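Here is a short set of exercises to work through with the viewer open. Each begins with a task and goes on to a solution in small steps.

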Amino acid sequence: MKSVLIVDDAAFMRMAIKKILEKNGYEIVGEAENGEEGVKKYNELRPDIVTLDITMPEMDGLTALKAIKTIDKNAKVIIVSAMGQEAFVRDAIMRGAQSFIVKPFTEEHVLKVLSSV
Amino acid sequence: MSKLTRDPMLEMFIFETAQLLEQLEQIIINSEKTKSYSDQNINEIFRIMHTIKGSSAMMLYDDISILAHSIEDLFYFIRERRPLSMDFSELTDLILDGADFIKTELSKIEADGKAGGKPDELIESIKKFLLTLKDKNLIEDEICITKEKPVPKKEQRYYIGSDDLSGIPVKKTLKATIYFEEGCRMENVRAFSIIHNFKGIASDISYYPSDIIENDETEEIIRKEGFCVYLKTEYSLDTIREILMQTVFLRHLELEEVDQVDEVIQRQRSKEIILEDPLPATIEAKMVERVQSIEAQTHSLNQSIISVNVSRLDKLMDLVGEMVIAEAMVVQNPDLKELELDNFEKAARQLNKITGEIQDIVMAIRMVPLSGTFHKMHRIVRDMSKRLKKDVNLDIIGEEIEVDKNIIEHISDPLMHLMRNTLDHGIETTEERLAKGKTPTGTIVLEAKNVGSDVLIIIKDDGKGLDKEKILKKARENGLLYKSEEDMTDKEIYNLIFLPGFSTKDSVTEYSGRGVGMDVVTRNIETIGGTVSVDSVLDKGTMVTLKIPLTLAIIDGMNIKVGKSCYTIPTISIKESFRPLEKDIIIEPNGNEMIMVRGQCYPILRLHKLYGVNTETTEFMDGIFVMVEQDEKALCIFADELVGQQQVVVKLLPNYITNFKKINGLAGCTLLGDGSISLILDIAGLTNV
């Protein structure tokens, strides 16, 4: 069972992702409300996969991605983005994000991306 | 996606969006004071709208999503371009309108799961505002509606221009055409991702469409025609195929070995012409299209909720107050004294009934649930627990309980203060908790419940509790002890912390302490006629209880007379009134007067002495006693006579009096039927003297 850390400032989004993943055999080992917390939790939990929102308070997704990659350069990070954030996603890919999910997403969409990393 | 729209998700959506709107409002209100938006606020508004956009799109509430998107765009522009001239008040109105719209939609969704409003007009105004902003600030022609950060040149290093393609040596050239699944979106970014993955595997990569980085419109082309890549590599065709097959949302892949790449250049040229469509126009057109289609889809739902400006409600409340006074003036008119007026009495009763009903309705309109105020605490707990490195959980109970709008405004700050105190001083750090054998996560319960005409708000934590010795020591040092230590109950000792000038924390922390003590809480709560009390068990936790009235504006009062002055006692505090028996009066050697009632001894308060009023009634036998109680403290007020009971409209004491002198024991004043002024007694103030 793959472990997942969900980083998103919106509880709603965390819930949506969590529901999909839990139903499909992923283990949600942690949730974080902002980048800073996300990085901290990544360090503690070392999940197989991180889903990372871009727009967050305290520390945004890109900064968090950089930090997570410094902790573990093989970290598997999936960016959760919205339309209009193409540039950020590209940045994230260059910084080593494995893949990305576009909001609003469907269950199928999420699972496909998760299983690809 | 309908699978997702089950109750918990909907609930979370409503809850979180409402919370975000609350934050948004807070930001706007704060910004309004300074007449400008700080960078942080702009960021925050942008983020809030971004989140609402995402969540509402997930829940298929497209109108909300589009509206949020338009505000997000607006703030994106403001954030990136920092326009110099900006109509601040118009901007604020727009956002508030937007927030109100979403709020109304939320309550509709809450009621029957359907949103039905049409924000089109509002979206238009927001767009118009954005356009004027751009015009006014004359920033290039290039309009950035898409959230594209200008991409630095170096990021384009994977793109090798057509000129460089000539004279490429050895290695074989492969051509791959990739088709993505329908609906996977951001095809251009996916294409970019593929190119990025070839780093180190292939060289001399060229691709079509070539402007996937700069131009997000390319996703359309890729969707239709696929993404075409030429690359030179030492790896075999199969290896490259394997790599490409791993692409997420891959629908179809064509891979072949080719001799040259000329074709690309040609196609690129031809494409460029097609691509010349100006970017903003297409997006704008798309937007309008979308909005129109949504307009067509939206069913006209009857709007059962309207938002009303609070100031109008205040005015209405004032008018009702005036009406209550006017009614008393008519019915209790001195001219009518001693007259037989049967029909008048009947009509007066009717009038009284109707004014009473109107008053009830107006009160009901002003009632708002505590949820907004309560949920603000989540943020505080979140921020503080993180910064203080404490693990804290906040449970909220009874958020649906309603109180008057004015009261909400008064309890928000004290609640925040109490919450900060609890987090800062009450809850221990995780290590401390574990050492004490407690759960690592501290719990704070914020609860509201109705008790008679009051609402109790209770903040309970499972932290370290109050230290009696420490409190006593501090109180001794500051001379705050009002009776001997031996005589004080635990509760009385704990409540010392609410006295002005009391603070046990030696070091001032970021959150609480700042020289402001708990007395601020007391003062705030007392201005709305409430009380604060605290109870605690060492190492088990602390419980602070705020008792607040449901409403302030109109109370039932008992009018009493002292000399020529009139006072009003809130009926709710009155236990009984009686004429004393001589034998019950006790006078201590030091002059303290007490009275025995059913074996209990109560202090006597002579109002005429307290306020220096001239009266002929100074003998207890000539006057009347009114026993009042608040917070389990009771005393007997001595007055000349009871005048009668009536509803009174509470008015604050005018500033020119309060500025001049703080008068203890007065909650406000009111107008009586005969036009005279009566002072409303503040029982909490009197019993605590």
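**Exercise 1. Find the bridge partner of A:Ala82 in E5(A), and describe the surroundings of that strand.**

Solution. Please keep in mind throughout that this is a predicted model.

Step 1. A:Ala82 has A:Lys103 as its bridge partner in E5(A).

Step 2. Now look at the two strands as a pair: strand E4 (residues 76-82) of chain A and E5(A) run parallel and are joined by five bridges.

Step 3. Check the side-chain directions along E5(A). A:Ser99, A:Ile101 and A:Lys103 point one way, A:Phe100 and A:Val102 point the other way, and all are buried.

Step 4. Draw the conclusion: five of the five residues of E5(A), residues 99-103, are buried, so the strand is largely enclosed by the rest of the structure.

**Exercise 2. Describe the layout of chain A: how many helices and strands are there, and what pattern do they follow along the sequence?**

Solution. Step 1. Chain A holds five helices and five strands.

Step 2. Reading along the sequence gives the pattern β-α-β-α-β-α-β-α-β-α.

Step 3. Of the 117 residues in chain A, 59% are buried.

Step 4. For contacts between residues at least 6 apart in sequence, 59% of those in chain A join residues at least 24 apart.

**Exercise 3. Do the bookkeeping for chain B: how many helices and strands does its secondary structure come to?**

Solution. Step 1. The count for chain B is 21 helices and 22 strands.

Step 2. Buried residues account for 32% of its 689 residues.

Step 3. Taking contacts in chain B between residues at least 6 apart in sequence, 71% link residues at least 24 apart.

**Exercise 4. Test the geometry of helix H11 (residues 310-331) of chain B, then work out where its buried residues lie.**

Solution. Step 1. At 1.5 Å a residue, the 22 residues of H11(B) should span 32 Å, and the end C-alpha atoms are 31 Å apart, which agrees.

Step 2. List the buried residues of H11(B): B:Met317, B:Val320, B:Gly321, B:Val324, B:Ile325 and B:Ala328.

Step 3. Look down the axis of H11(B): the buried residues fall within an arc of 135°, so they line one face of the helix.

Step 4. Turn to the other side of H11(B), where B:Ser311, B:Arg312, B:Lys315 and B:Glu322 are exposed.

Step 5. Ask what covers the buried residues of H11(B). The cover includes helix H12 (342-366), strand E12 (554-562), strand E20 (641-649) and strand E21 (666-671) of chain B.

**Exercise 5. Take two loop residues of chain B and decide for each: buried or exposed?**

Solution. Step 1. B:Val308 sits in the loop between helix H10 (279-297) and H11 of chain B. It has 9 C-beta neighbours inside 10 Å, and a residue with 12 or fewer is exposed, so B:Val308 counts as exposed.

Step 2. The C-alpha atoms of B:Val308 and B:Ile365 are separated by 10.0 Å, with their positions 57 residues apart along the chain.

Step 3. B:Gly665 lies in the loop between helix H20 (655-658) and E21 of chain B. With 21 C-beta neighbours inside 10 Å, B:Gly665 counts as buried.

Step 4. Leaving out residues up to four places away in sequence, B:Gly665 touches B:Leu610, B:Leu681, B:Asp682, B:Gly685 and B:Leu686.

**Exercise 6. Characterise the side of chain B that touches chain A: which elements give two or more residues to it?**

Solution. Step 1. Begin with the totals: 33 residues of chain B are in contact with 30 residues of chain A.

Step 2. Helix H1 (7-34), helix H2 (39-58) and helix H6 (187-197) of chain B are the elements that give two or more residues to this side.

Step 3. H2(B) provides the largest share, eight residues.

Step 4. By type, the residues on this side of chain B are 14 nonpolar, nine polar and 10 charged.

**Exercise 7. Decide where to read chain B with care: which of its elements has the lowest mean pLDDT?**

Solution. Step 1. The mean pLDDT of chain B is 78, and 83% of its residues reach 70 or more.

Step 2. Among its elements, helix H9 (residues 262-274) has the lowest mean, 44, and strand E13 (residues 565-570) the highest, 92.

Step 3. The pLDDT is below 50 over residues 140-169 of chain B, and it stays under 50 over residues 264-303.

Step 4. Where pLDDT is low, the predicted coordinates should not be read in detail.

Step 5. For the model as a whole, the scores are ipTM 0.84 and pTM 0.42.

Technical notes
Residues numbered from 1 in each chain as written. Chains lettered and ligands numbered in written order. Predicted model: local features only at pLDDT ≥ 70, side-chain atom pairs only at ≥ 80, totals over all residues. Contact = placed C-beta atoms within 7 Å. Helix = DSSP H or I, 4+ residues; strand = E, 2+ residues; numbered from the N terminus. Nonpolar A, V, L, I, M, F, W, Y, C, P; charged D, E, K, R; others polar. Expected span 1.5 Å × (residues − 1). Buried ≥ 20, exposed ≤ 12 C-beta atoms within 10 Å, placed from the backbone. Arc of directions from axis to C-beta. pLDDT = per-residue confidence, 0-100. Pairing = 2+ DSSP bridges.
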